[in-house]
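Please look through the structure shown here, and follow the explanation below one part at a time.

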Amino acid sequence: MTILTIVRKVTLWRAGTLVVATAATLIAVTSANAAGDAARGATLYRDCGVCHSIQENGPGPAHKGVFGRLAGKAPGYDYSSELKNSNIVWTEENLDKWLAGPEKLVPGTKMFYEVDDPRDRADIIAFLKEKAK
Ligand code: HEC
């Protein structure tokens, strides 16, 4: 059943503001999913947690503030010169490429961990965007 069909059915059942509210909620939920589900991303991020955390450097750099930032800028972390000099900005698109294959985006990087499923990558990116501000 498409959203439009649901909206039409709801409209047939009831009139007034409730219908508008329901339709708006349905649309909001759908677009949130298309952009990535941060809650699901939080669960997936546990695998990253072997090397990363939001606040502290470990085997991998801390992720605080990483979204939208230039690569290689977590204070106090010893990056590979390849990543440090890559001039990549961590947009959604670049994070997606990075998670799909760090070595392909930045040959010589120290990170070798890949996320094959595009949906998983979108959810992890949504998590980083929201929680690693
Ligand atoms: C086995 C350890 C390991 C795992 C697991 C790992 N990473 Fe990394 N990650 C690294 C290392 C090491 C670097 C630094 C790479 C360099 O300096 O070349 C890095 C760098 C990054 C960067 C760049 C940060 C910056 O400040 O420029 C991002 C973003 C990132 N990782 C995200 C993730 C995410 C998301 C996951 C989970 C899906 C993940 N990593 C899993 C080790 C890991």
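Leaving aside residues up to four places away in sequence, F67 touches W90, L128, K129 and A132. This is a predicted model, and in it F67 sits in the loop that runs between α3, residues 38–48, and α4, residues 81–84. Although F67 and A132 are 65 residues apart along the chain, their C-alpha atoms are separated by 7.3 Å. F67 counts as buried because it has 20 C-beta neighbours inside 10 Å, and 20 or more is what that class requires.

The helix α3, which precedes this loop, also packs against helix α7, made of residues 118–131, with the two axes 7 Å apart and at an angle of about 100 degrees. Since angles of 65 to 115 degrees count as roughly perpendicular, α3 and α7 are therefore placed in that class. On the side of α3 the contact is made by A38, R40, G41, A42, L44 and Y45, while α7 contributes D120, D123, I124, A126, F127, E130 and K131. Sorted by class, the residues in this contact are 7 nonpolar, 1 polar and 5 charged.

The helices on either side of the loop that holds F67, α3 and α4, also take part in the surroundings of the ligand, where α3, α4 and α5, the last spanning 92–100, each supply at least two residues of the shell. In total, 26 residues surround the ligand, and the closest are C48, C51, G60, S80 and M111. The make-up of this shell by class is 17 nonpolar, 5 polar and 4 charged residues.

Conventions. Residues are numbered from 1 along each chain as its sequence is written. This is a predicted model: local features need pLDDT of at least 70, side-chain atom pairs count only at pLDDT 80 or more; totals for chains, interfaces and linings use all residues. Helices (H or I, at least four residues) and strands (E, at least two) are DSSP runs, numbered from the N terminus. A residue is buried if 20 or more other C-beta atoms lie within 10 Å of its own, exposed if 12 or fewer, and partly exposed in between; C-beta atoms are placed from the backbone. Two residues are in contact if their C-beta atoms, placed from the backbone, lie within 7 Å. Axes are lines fitted to C-alpha atoms, for helices over the stretch in contact, and angles run from 0 to 180 degrees between N-to-C directions. Angles under 35 degrees count as roughly parallel, over 145 as roughly antiparallel, 65 to 115 as roughly perpendicular and the rest as oblique. Ala, Val, Leu, Ile, Met, Phe, Trp, Tyr, Cys and Pro count as nonpolar, Asp, Glu, Lys and Arg as charged, and the others, Gly among them, as polar. A residue is near a molecule or strand if its C-beta atom, placed from the backbone, lies within 6 Å of it.
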